[in-house]
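User: Could you take a close look at one part of this protein for me? I would like to follow a single aromatic contact and the part of the fold around it.

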Amino acid sequence: MIKRLLLLVWLSLPLAVSAELVIEITQGVDNPTPMAVSPFSWSGTGALEEDVSAIIEANLSRSGLFDLLARENMLSHPDKPQNVFYRDWRALGREYLLIGSMTPVDDMVEVRYHLFDIVRQSTLLSYQLRASRSGLRDLAHRISDQVFEKITNIRGAFSTKMLYVSASNLPNGQYNYQLYIADADGARPRRILNSDEPILAPAWSPDGKQIAYVSFESSRPAVYRHVLATGEREKLTSFPGINSSPAWSPDGRKMALSLSKDGSPDIYILDLQSRQLRKIAANDLAIDTEPYWMPDGKSIVFTSNRGGQPQIYRADLVSGAVDRVTFEGRYNARARPMPDGSGLILVHQAGNGDFHIARFDQRSGRMHILTSTQLDESPSIAANGSMVMYATKRGEQGILAAVSIDGRVKFSLPSHGRDVREPAWSPFFD
């Protein structure tokens with residue numbers, strides 16, 4: 001029955017065409033910071049596979065915080081500090097300028113870049129980095145992170161990754177499911193799991209080296225652990241009934257899950273070394289699911305209908321006390337704590353009956369609706385706490401979208417005819 005219900009979710013899935021997602025910026029801040037990224041020069045022979053400066057420009061533009069000057073509107077394309085004339089960039093209304101040059105060194109590419117404050121006529125950053133030709137996109141993300149942090153004082157998350165699930169409607173009427181890993185901008189998708197059965201709830205380990213997910217490949221739901229570097233997989237739980245919602249503890253030693261092996265779904269903690277299970281927040285009359293660890297590792301938030309309707313509760317792992325967190329709205333679910341613990345991102349049913357992504361402020365107790373789309377689900381927060389990725393609908397197609405934590409910046413990631421769900425944003429990798 002569980003399998004049939006999940007298959008219905010994917011009932012209208014079209015045939016997959018392309019694995020790569022494409023960024024479409026739909027809303028930015030009212031007064032974005034004027035900036036320019038001059039094309040990085042290349043002194044080597046032949047063309048490089050990646051346009052480093054274009055990737056940086058796209059990253060900064062996607063943040064919604066910057067107004068990037070088109071290359072064709074630039075008065076010059078400087079690649080060295082001595083060629084930068086502040087008056088020209090002031091005339092173009094720019095506040096910041098990024099320039100760079102690339103030179104072949106042995107089998108590597110050396111990139112020198114400089115970030116200028118046009119208003120103060122000063123150099124903010126000046127770095128020299130090296131990468132292989134195949135690593136230029138990673139280097140572009142790294143530079144984007146450094147520039148973004150220098151200007152905004154917020155750590156950049158352009159070098160992070162994301163997981164998502166896609167499904168294809170096959171000619172024989174069956175469905176094929178794929179789990180992908182990609183850059184945060186949707187580029188370089190790599191399929192890491194292919195199955196004829198549903199794949200759900202991908203989750204990252206704290207160090208970003210492993211993931212967990214729910215797969216129906218053994219005819220019933222089971223939770224798997226997957227090592228990304230080797231592809232090694234291990235089945236962690238496969239009890240009768242529901243095995244769902246894996247969530248790693250902040251130290252990576254435990255995993256919270258929802259299991260129905262004893263009747264109704266309850267929250268359990270699995271010790272990944274000893275394999276001992278511990279039930280928490282037990283309530284025989286309630287459905288408890290979607291656990292997630294608070295950043296300090298001392299408590300877990302989860303969804304429960306023990307009050308009559310789905311709401312968010314918090315279980316203290318030391319005292320065992322369980323408290324209701326949300327009261328506004330008839331439906332609140334899939335809570336994800338902010339990295340600093342100040343609030344929760346969750347799925348909230350608004351007064352008009354639509355399901356939106358919302359931010360719950362734990363200090364004030366207020367709910368702030370962030371999205372205006374419908375049927376929003378599966379929120380996942382960027383490692384720097386600035387953006388939320390989620391699944392939504394565009395017509396009959398499932399797509400991924402993102403919104404800033406204040407709701408001012410929005411972009412979508414359409415998939416060219418495929419239905420995609422279950423996004424999971426990675427932690428930082430250092």
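Analyst:
**Around a buried phenylalanine**

Phe66 is buried, with a relative accessible area of 6%. Keep in mind as we go that this is a predicted model. The partner ring belongs to Phe148, which is also buried, at 5% relative accessible area.

Now to the ring pairs, of which the model has 9 aromatic ones. In the pair formed by Phe66 and Phe148, the ring centres are 6.4 Å apart and the planes meet at 65 degrees; an angle over 60 counts as edge-to-face, so this pair is edge-to-face. Phe66 sits in strand 4 (residues 66–68) and Phe148 in helix 4, so the contact ties together parts that are 82 residues apart in sequence. Phe158 joins in as well, since ring pairs link Phe66, Phe148 and Phe158 into a cluster.

Helix 4 itself deserves a look. Of its 17 residues, 12 are buried, so the helix is largely enclosed by the rest of the structure. Among the buried ones are Leu139, Ile143, Val147 and Ile151, together with Arg137 and Asp145. The length fits too: at 1.5 Å a residue, residues 136–152 should span 24 Å, and the end C-alpha atoms are indeed 24 Å apart. Just after the helix, Asn153 takes a positive phi of about 65 degrees.

How far can you trust the model? The mean pLDDT of the protein chain is 91, with 95% of its residues at 70 or more. Residues 1–18 are where to be careful, with pLDDT below 50. Where pLDDT is low, the predicted coordinates should not be read in detail.

Terms used
Residues numbered from 1 in each chain as written. Predicted model: local features only at pLDDT ≥ 70, side-chain atom pairs only at ≥ 80, totals over all residues. Heavy atoms only, no water. Helix = DSSP H or I, 4+ residues; strand = E, 2+ residues; numbered from the N terminus. Expected span 1.5 Å × (residues − 1). Buried < 20%, exposed > 50% of the residue type's maximum accessible area, 1.4 Å probe, protein only. pLDDT = per-residue confidence, 0-100. Contact = heavy atoms within 4.5 Å. Phe/Tyr/Trp six-rings, centres within 6.5 Å; stacked < 30°, edge-to-face > 60°.
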